[in-house]
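This briefing introduces a structure to a reader who has not met it before. The topics are a ligand shell, a pair of helices and a pair of strands.

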Amino acid sequence: MIEARAVSKRYGGRTAVDGATFTVVPGAVTGFLGPNGAGKSTTIRMIMGLDAPTSGSVTVNGKAYAGHAAPLREVGALLEAKAVHPGRSAYHHLLALALTTGIPRRRVEEVLDLVGLTGVAHQRAGGFSLGMGQRLGMAAALLGDPATLILDEPVNGLDPQGIRWIRTLLRRLAAEGRTVFVSSHLMSEMALTADHLVVIGRGRVIAETSVRDFISRASADVVRVRTPRAAELRELLTGPGIDVTSTAPGLLEVHGVGSAEVGLLACRHAIPLEELAPVEASLEEAFMELTDDALEYRVHETGGHPA
Ligand SMILES: Nc1ncnc2c1ncn2[C@@H]1O[C@H](COP(=O)(O)OP(=O)(O)OP(=O)(O)O)[C@@H](O)[C@H]1O
């Protein structure tokens, strides 16, 4: 469990995190979303005790990170590119970490197996691909068998197979009852991986919700209808607060009324429907809508320069 209570971080005159309050619960994957410069990395650094809050507090499993007698056993982290000595093997990299933190040697073999690196454990880590490097980073994060995992942009630069591997692993770790907190810019990835979301913009928490609610809140009342009698249905749907548009022959987008009402109306008039579906905003759209005001730089679609 991670608890941030009115936590702020100022660097000189610049506020990176501004009174953020949120809770990350065990047994679920919580996505940490926000535009560039929103304060995600700063928040993660404060959770990990790498940066001290200017005010407020953040705890992991009830204590500040540094207050734990064996922090590696409480929190495993995968922060940006891992510093691994290129000449050292995966095995020796993990062994060095284990020996300096009182973790038994056999755990090294366990985590190598867990991340699928047993076969290359004695090869130089310097020759590892990005995906193998991420696996090694995950192995290091899991070394202390921690109840809480924090991952900063874990799928950055990975190929689809690597992305899928991380997604499956995170879901499994959450199913084991661990707290999994993962930052990402890839909204579509979060839609497939996360159960909950903490959304941050300009250092403030602007949403703390389930992925489901986040999407449905941003979804307008829009229904897509396909029918060979589109003109007739369109006529019948005319009414206050209802707006019907058509992007293709036989296809209507109805704004302002639910799919059940559209279905009943069509049924009453014996109009056959080939498709009737509420249009859901994607997580991407929901995110853009919520964080629109929170973007530090707005890029002109035509010019491509920061506004
Ligand atoms: N050490 C620092 N000194 C001064 N300003 C900083 C420092 N670290 C971060 N900032 C500023 O604080 C703000 C938040 O940065 P942070 O890196 O936490 O955002 P982020 O959400 O992780 O962004 P990104 O997704 O681009 O990594 C930014 O405006 C950044 O320039």
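The residues around the ligand, counted where the C-beta atom placed from the backbone lies within 6 Å of it, are Tyr11, Arg14, Ala16, Gly34, Asn36, Gly37, Ala38, Gly39, Lys40, Ser41 and Thr42. The model is predicted: local features need pLDDT of at least 70 and side-chain atom pairs count only at pLDDT 80 or more, while totals for chains, interfaces and linings use all residues. Residues are numbered from 1 along each chain as its sequence is written.

**Ligand shell**
- Strand 2 (14-24) and helix 1 (40-47) are the elements that give two or more residues to the shell; helices (H or I, at least four residues) and strands (E, at least two) are DSSP runs numbered from the N terminus.
- Helix 1 gives the most, with 3 residues.
- The shell holds 3 nonpolar, 6 polar and 2 charged residues, where Ala, Val, Leu, Ile, Met, Phe, Trp, Tyr, Cys and Pro count as nonpolar, Asp, Glu, Lys and Arg as charged, and the others, Gly among them, as polar.

**Helix pair**
- Ala90, Tyr91, Leu94, Leu95 and Ala98 of helix 3 meet Arg107, Val108, Val111 and Leu112 of helix 4, contact being C-beta atoms, placed from the backbone, within 7 Å.
- This contact of helix 3 with helix 4 comprises 8 nonpolar, no polar and 1 charged residues.

**Strand pair**
- Strand 8 (residues 196-201) and strand 9 (residues 204-210) run antiparallel, joined by 6 bridges; pairing requires at least two bridges found by DSSP.
- Val198 has Glu208 of strand 9 as its bridge partner.
- The hairpin of strand 8 and strand 9 has 2 residues between the strands, and Arg202 takes a positive phi near 50° there.

Methods. Contact = placed C-beta atoms within 7 Å.
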